[in-house]
Amino acid sequence: MKVAFASTDKVHVDEHFGHAEEFYIWEIGPDQALFSGVVQVKSETEVGHSDDKIEARGAALADCALVYVGEIGGPAAARLVAKKIHPIRSKEQEPITVVVEKLQDVLRNNPPPWLRKAMLKGEKPNS
């Protein structure tokens, strides 16, 4: 599954969702994790309503099942969930690689139902 990370230094999960100009995308599975690129969004200095900024970030991350952030507001989180993107707040500004390893541990063992469902994002249903 694709997972996005909001970071100011490309190392730690430390950026506010609404302020992030770049998201670092990883393909993560139980046994393998690969960095797959960077998604850039418009800078905060551009004129626009905050709803537009949330929408732009949500559209840019449409392929992602999870997005790890330093902070996120309630309305933004709700809009992401509506797009089937689950925001996860990193309280301790952990290194992205540590978060990836922890997520893989959860995936290998017994992921909660919401995470199992998120893992299926992007897969075509069996007809």
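**Note on the predicted model: sheet, packing helix and largest pocket**

1. The predicted model contains an open sheet of 5 strands, arranged in the order 3-2-1-4-5 with mixed pairing. Its edges are formed by strand 3 (33–40) and strand 5 (86–89), each of which pairs on one side only. On average, and with direction ignored, neighbouring strands of this sheet are turned by 25° against each other.

2. Strand 2 (residues 22–28) and strand 3 run antiparallel and are joined by 7 bridges. Two pairs may be used to locate this register in the structure: E27 has L34 of strand 3 as its bridge partner, and I25 has G37 of strand 3. The connection from strand 2 to strand 3 is a hairpin through 4 residues. As general background, strands of a sheet pair through backbone hydrogen bonds, either parallel or antiparallel.

3. Which strands does helix 3 (residues 96–108) touch as it packs on the sheet? The contacts are with strand 1 (2–6), strand 2, strand 3 and strand 4 (66–69). The direction of helix 3 makes about 35° with that of strand 2.

4. The largest pocket holds about 200 Å³ of space. Its lining comprises 14 residues, and those nearest the centre are Y68, I88, E94, V99 and K102. By class, the lining divides into 8 nonpolar, 1 polar and 5 charged residues.

5. Where in the fold does the lining of the largest pocket come from? Strand 5, helix 3 and helix 4 (113–119) each supply at least two of its residues. Helix 3 gives the largest share, with 4 residues. Helix 3 is thus to be inspected in two settings: it packs on the sheet, and it contributes to the lining of the largest pocket.

6. D14 lies in the loop between strand 1 and strand 2. Leaving aside neighbours within four places in sequence, D14 is in contact with A6, S7, T8, D9, G70 and Q93. D14 and E94 are 80 residues apart in sequence, yet their C-alpha atoms are 7.7 Å apart in space. E94 is also one of the residues lying nearest the centre of the largest pocket.

7. On confidence, the mean pLDDT of the protein is 89, and 88% of its residues reach 70 or more. Confidence is highest in strand 4, at a mean of 98, and lowest in helix 1 (residues 50–60), at 84. Strand 4 is also among the strands touched by helix 3.

Definitions and conventions
Residues are numbered from 1 along each chain as its sequence is written. This is a predicted model: local features need pLDDT of at least 70, side-chain atom pairs count only at pLDDT 80 or more; totals for chains, interfaces and linings use all residues. Side-chain values use heavy atoms; hydrogens and water are left out. Two strands pair if DSSP finds at least two bridges between them. Axes are lines fitted to C-alpha atoms, for helices over the stretch in contact, and angles run from 0 to 180 degrees between N-to-C directions. Contact means heavy atoms within 4.5 Å. On a 1 Å grid over the protein atoms alone, a cavity is a set of points where a 1.4 Å probe fits but cannot get out, and a pocket is an open set with protein on both sides within 12 Å along at least five of seven lines; lining residues have an atom within 4 Å of a point. Grid points are joined across faces, edges and corners, and a volume is the space filled by probe spheres set on the points. Ala, Val, Leu, Ile, Met, Phe, Trp, Tyr, Cys and Pro count as nonpolar, Asp, Glu, Lys and Arg as charged, and the others, Gly among them, as polar. pLDDT is the predictor's confidence in each residue, from 0 to 100.
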